[in-house]
Amino acid sequence: MKKKIYLVGWTILIPVLAWLAYFAHYTMTGHLYSILLSFFLIGSVLAAVYHSETIAYRVGEPYGTLLLAFAITVIEVSLIISIMLSAKGLETISLARDTVFAAVMIILTGIIGICIIVGSIRYKVQVFTLQGVSTAMITLVAIIAFLFILPNYTISHDNGEYTSFQLIFISITCLALYIGFTMVQTIRHRAYFVAPKPKDDLETEDQEILPEKPSLKVTMLSIVLLVLCLGIVVVLAKYLSKDVDALVVGAGAPKSIVGVIIAGIVLLPEGIAAIRAAYNNRLQTSLNLAFGSALASIGLSIPVVAVASVMADFRMTLGINIKSTVLLGLSLFIITISLATGKTNIMQGFVLLSIFLLYLFTTLAP
């Protein structure tokens, strides 16, 4: 008998208390208050994971993962634009690039690497549908080249920047590719993104028994709470951004680490959901979440931020340096080889995770 899904009390209470705590900033300040808000920020992210998974069970794959990817992109875009508009001068000229690049590296090497390790420890070998992964990979590689590599070789502008006309054209192209991928994922070739039935030698007694679909009432309440969670994550992250920036400057760390922190915050819900899916032998869901997040992050975030930059007349650098190009190229090469057979093993995860740790280290110590 399948278990039913109910809403856990803390997932309802945390976002409500977080909103109340945020509105208290008119009367409260100080380090303790910032720590309290940080606690509510993390709690709201975890609550968002719970509600997004509840909705995902109701709508089914791959719509559930697509929904979460879109929600996370809303957070990312809101943070980037709000911080860029509130800052002055050239302080945030590379914020969008640093944040989206960090998101791509975290997803491709960190999240997928951990998912493969977690799944391999429990099940040794996990399988997924190869056609869906290859479709996502070719789309992702093309968009990455357009946005991160090509700006370094155009001659109309210096320092890895596109002109306004180039930026709009590239943004439309990337957006079209993302929409095309979404159509393939949800309509034309939906079966490519559904987990294959496990073979007898891969079945285990620990295979998760999925719960029955939540009721319409539970689903609607989860949607409302998910919106509340995502909204408070945006406003709290923006409110705490000054504290984060001061902490980075005080520690003597590069400004690019701010982008890593933002990306880490907005990807935490999907990262947790992906790891849990891999632990429960649903690697296909993990990969859907990971690649969907990467494509939404770069294929949706950059076009929206690009339009905002043209309308608000602020500059935006997209081209990455040689070090980042090497790490990105290595990540794409390794993950392409690792996911080329439709099966995973623990060594693939270790290699990807080592690249992620190297990326973090060279960001802190360039």
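Is Ser-34 buried or exposed? At 15% relative accessibility, Ser-34 counts as buried, because the cut-off for buried is under 20%. The legends below cover this residue and several others in a predicted model.

**Figure 1. The whole chain is built from 11 helices and two strands.** Start at the N terminus and read the elements in order: α-α-α-α-β-α-α-α-α-α-α-β-α. The chain has 366 residues, and buried ones make up 53% of them. Now take the contacts between residues at least 6 apart in sequence. Of these, 86% join residues at least 24 apart.

**Figure 2. Ser-34 sits in helix 2.** This helix covers residues 31-59. Set aside the neighbours within four places in sequence. Ser-34 is then in contact with Leu-240 and Asp-243. The relative accessibility of Ser-34 is 15%, so the residue counts as buried.

**Figure 3. His-51 is a buried residue of helix 2.** Its relative accessibility is 0%. Which residue is 174 places from His-51 in sequence, yet 7.1 Å away in space? The partner is Leu-225, with the distance taken from C-alpha to C-alpha.

**Figure 4. Phe-39 and Phe-40 form an edge-to-face ring pair.** A search of the whole structure finds seven aromatic pairs. In the pair shown here, the ring centres are 5.5 Å apart. The ring planes meet at 65°, so the pair counts as edge-to-face; the cut-off for that class is over 60 degrees. The two residues differ in burial. Phe-39 is exposed, with a relative accessible area of 52%. Phe-40 is buried, at 9% relative accessibility. Elsewhere, ring pairs link Trp-19, Tyr-22 and Phe-23 into a cluster.

**Figure 5. The largest nonpolar core has 102 residues.** Five residues have the most contacts inside this core: Ile-112, Leu-147, Phe-148, Phe-291 and Leu-328. Which element gives the largest share of the core? Helix 4, residues 95-123, supplies 15 residues.

**Figure 6. Phe-148 is among the residues with the most contacts inside the largest nonpolar core.** Residues up to four places away in sequence are not counted here. Beyond them, Phe-148 touches Arg-97, Val-100, Phe-101 and Val-104, among others. Further along the chain, Phe-148 also touches Ile-298, Leu-318, Gly-319, Ile-320 and Leu-328. Leu-328 is itself one of the residues with the most contacts in this core.

**Figure 7. Ile-107 is a buried residue of helix 4.** Its relative accessibility is 0%. Leave out residues up to four places away in sequence. Ile-107 then touches Ile-112, Leu-267, Ala-290, Ser-293 and Ala-294. How many residues lie between Ile-107 and Glu-270, counted as their separation in sequence? They are 163 residues apart in sequence, and 9.4 Å apart in space from C-alpha to C-alpha.

**Figure 8. The largest cavity holds about 50 Å³ of space.** The structure has two cavities of 30 Å³ or more. Three elements give two or more residues each to the lining of the largest one: helix 5 (130-149), helix 6 (164-188) and helix 9 (283-312). Helix 9 gives the largest share, five residues. The lining includes Gly-132, Val-133 and Ala-136. Phe-181, Gln-185 and Phe-193 are also among the lining residues. So are Gln-284, Leu-287, Asn-288, Phe-291 and Gly-292. How does the lining divide by residue type, and how many of its residues are charged? Six are nonpolar, five are polar and none is charged. Phe-291 has a second role in these views, as one of the residues with the most contacts inside the largest nonpolar core.

**Figure 9. Lys-124 and Asn-281 are loop residues with positive phi values.** Lys-124 lies in the loop between helix 4 and strand 1 (126-127). Its phi is near 70°, a positive value in a residue other than glycine. Asn-281 lies in the loop between helix 8 (256-279) and helix 9. Here phi is near 65°, again a positive value in a residue other than glycine. Which of the two is buried, and which is exposed? Lys-124 counts as exposed, at 67% relative accessibility. Asn-281 counts as buried, at 16%.

Technical notes:
Residues are numbered from 1 along each chain as its sequence is written. This is a predicted model: local features need pLDDT of at least 70, side-chain atom pairs count only at pLDDT 80 or more; totals for chains, interfaces and linings use all residues. Side-chain values use heavy atoms; hydrogens and water are left out. A nonpolar core is a set of buried Ala, Val, Leu, Ile, Met, Phe, Trp, Tyr and Cys residues joined through side-chain atoms within 4.5 Å. Buried means under 20% relative accessible area, exposed over 50%, partly exposed in between (1.4 Å probe, protein chains only). Helices (H or I, at least four residues) and strands (E, at least two) are DSSP runs, numbered from the N terminus. Contact means heavy atoms within 4.5 Å. On a 1 Å grid over the protein atoms alone, a cavity is a set of points where a 1.4 Å probe fits but cannot get out, and a pocket is an open set with protein on both sides within 12 Å along at least five of seven lines; lining residues have an atom within 4 Å of a point. Grid points are joined across faces, edges and corners, and a volume is the space filled by probe spheres set on the points. Ala, Val, Leu, Ile, Met, Phe, Trp, Tyr, Cys and Pro count as nonpolar, Asp, Glu, Lys and Arg as charged, and the others, Gly among them, as polar. Rings of Phe, Tyr and Trp (its six-membered ring) pair if their centres lie within 6.5 Å; planes under 30 degrees apart count as stacked, over 60 as edge-to-face and the rest as tilted.
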